[in-house]
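Dear colleague,

I am passing on the model we spoke about, and my notes on it follow directly below. Please read them beside the coordinates.

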Amino acid sequence: MTPVPESNWAGNHAYAAARILRPRTLNEVREMVAAAPRIKALGTRHCFNDIADFDGGVQIDIAEVASAIEIDSAAATVTTSGATRYGELASFLHAKGFGLPNLASLPHCTIAGSVATGTHGSGRRNQGLASAVSALDLVTADGELRSFARGDKEFAGVVVNVGALGVVTRMTLDLLPTFDVRQHVFDGLSWAALFAHFDEIQDRAYSVSVFTNWANDNVDQVWLKTVGEPRTELFDARPADGPRHPVHAAGLSAENCTEQLGVPGPWHERLPHFRLGFTPSAGDELQSEYFVPYRHATAAFEALRGLGHRIAPLALCSEIRTIAGDDLWLSPAQGGDRVALHFTWRPRQDEVEALLPAIEERLAPFDVRAHWGKLFHRRPSDEIWPMLPDFRELRAKLDPRGAFLGPYVARNIG
Ligand SMILES: Cc1cc2nc3c(=O)[nH]c(=O)nc-3n(C[C@H](O)[C@H](O)[C@H](O)COP(=O)(O)OP(=O)(O)OC[C@H]3O[C@@H](n4cnc5c(N)ncnc54)[C@H](O)[C@@H]3O)c2cc1C
């Protein structure tokens, strides 16, 4: 048991929990959970709000519970601890000839924390990371270990769980054979071309990221991550003449970015924007992200461009990605394909928080949802998240004493 040493990774939330429990065995996890009046699982602390905190309670970090990474080649699945980090898992899988369908931009986060918050990468045909989960083990408030598998009645409710249902100790993920990806960056795509060809641009590659500050006449950069033969032109954009950093306009070096210029490489060395051994910043940033149905993409861009003069001074960069729809209750892409509008903010929380209501108001006509793990202003509603009432019922059933409720869940889920 150690005192809570610090805050989340970005340093914008000081944990109010009294201490961190560090069990070494599954039995200790079960005993600690059953004995704790108020408790919250903690991953690698990469969320930007109080989602992993419990004022007056304790946090539990299961990283020291011994767990192997076990591949079932015949079933094409891997089973490991919820505390395993994506970067560690990805290197192991590639060495054994396997891959995951997608990764987020930062490989340092735990699988359980990422899945709990609906974390995603990009690609019109790629679902969020949680969709690869086919089974999980959950220690619930009574200390019981419950297993859930795809096809079970409540499975779609337990996967993206915002840390509200218990401690996820083991997860099984679907695998692909390992695959190669090439990365090409394009400069200076016009907004007119993006608006006119948004679908075609999304179809150009396995994963597409568009970087912009919303204020300039042109979109800043388009990153195409291609499986198979790449296309080396992109409407009125110019192929980049050298490696790029997503915040290229600020003169940041691409040295720590994954290899570009079409050099093929394994999936886990191309799908994230940053190299595995590198942390993109020491936490000197804040993040927000919003999701709108894919059909509203260009209308939502138009709405945000109207705020470009307020966004650009505060944003280090902003990224447009796509996510294929799924049926996981609290997934941002539940019910259909989504476009994700991400903001990496300068660490000026008061100014960022003052701007978020304006962004959310602009996006409100498009049934906007917010990333569970980032900064947002408006409380999620049942209208926008139609499975919230079912999740509330599931939460009350699995955690009748409210051991995992916490201020974030109480405020946002109810
Ligand atoms: C630089 C950076 C880049 C990012 N890039 C992306 C991106 O590309 N796409 C994207 O969607 N998001 C992105 N994120 C957000 C990030 O993926 C999420 O914040 C993710 O939840 C972080 O996982 P974590 O292990 O740090 O979880 P924490 O922040 O520690 O916890 C998050 C939630 O998960 C729960 N949790 C953690 N472990 C367990 C467990 N074992 N059992 C049950 N619940 C658990 C916690 O209780 C809490 O509710 C990024 C964040 C940063 C800092």
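**Domain contact and helix H2**

In this predicted model, 29 residues of domain 1 are in contact with 30 residues of domain 2. On the side of domain 1 that touches domain 2, helix H2 (86-95) and helix H4 (155-158) each supply at least two residues, and H2 gives the most, with four residues. By residue type, that side of domain 1 divides into nine nonpolar, 18 polar and two charged residues.

As for the division itself, domain 1 covers residues 70-178 of the protein chain and domain 2 covers residues 180-370, and the centres of the two domains, taken over C-alpha atoms, are separated by 24 Å.

Since H2 contributes to that contact, I also looked at how the helix sits within its surroundings. Its buried residues are Tyr86, Leu89, Ala90 and Leu93, and because they fall within an arc of 100° when seen down the axis of H2, they line one face of the helix. This agrees with the general rule that an α-helix has 3.6 residues a turn, so residues three or four places apart point the same way. The partners against which the buried residues of H2 pack are strand S6 (77-81), strand S7 (98-99) and helix H3 (111-116).

One backbone detail may be worth a look when you open the model: Gly97, which follows H2, has a positive phi, near 90°.

With best wishes

Methods:
Residues numbered from 1 in each chain as written. Predicted model: local features only at pLDDT ≥ 70, side-chain atom pairs only at ≥ 80, totals over all residues. Domains from an automatic or database assignment. Contact = placed C-beta atoms within 7 Å. Nonpolar A, V, L, I, M, F, W, Y, C, P; charged D, E, K, R; others polar. Buried ≥ 20, exposed ≤ 12 C-beta atoms within 10 Å, placed from the backbone. Arc of directions from axis to C-beta.
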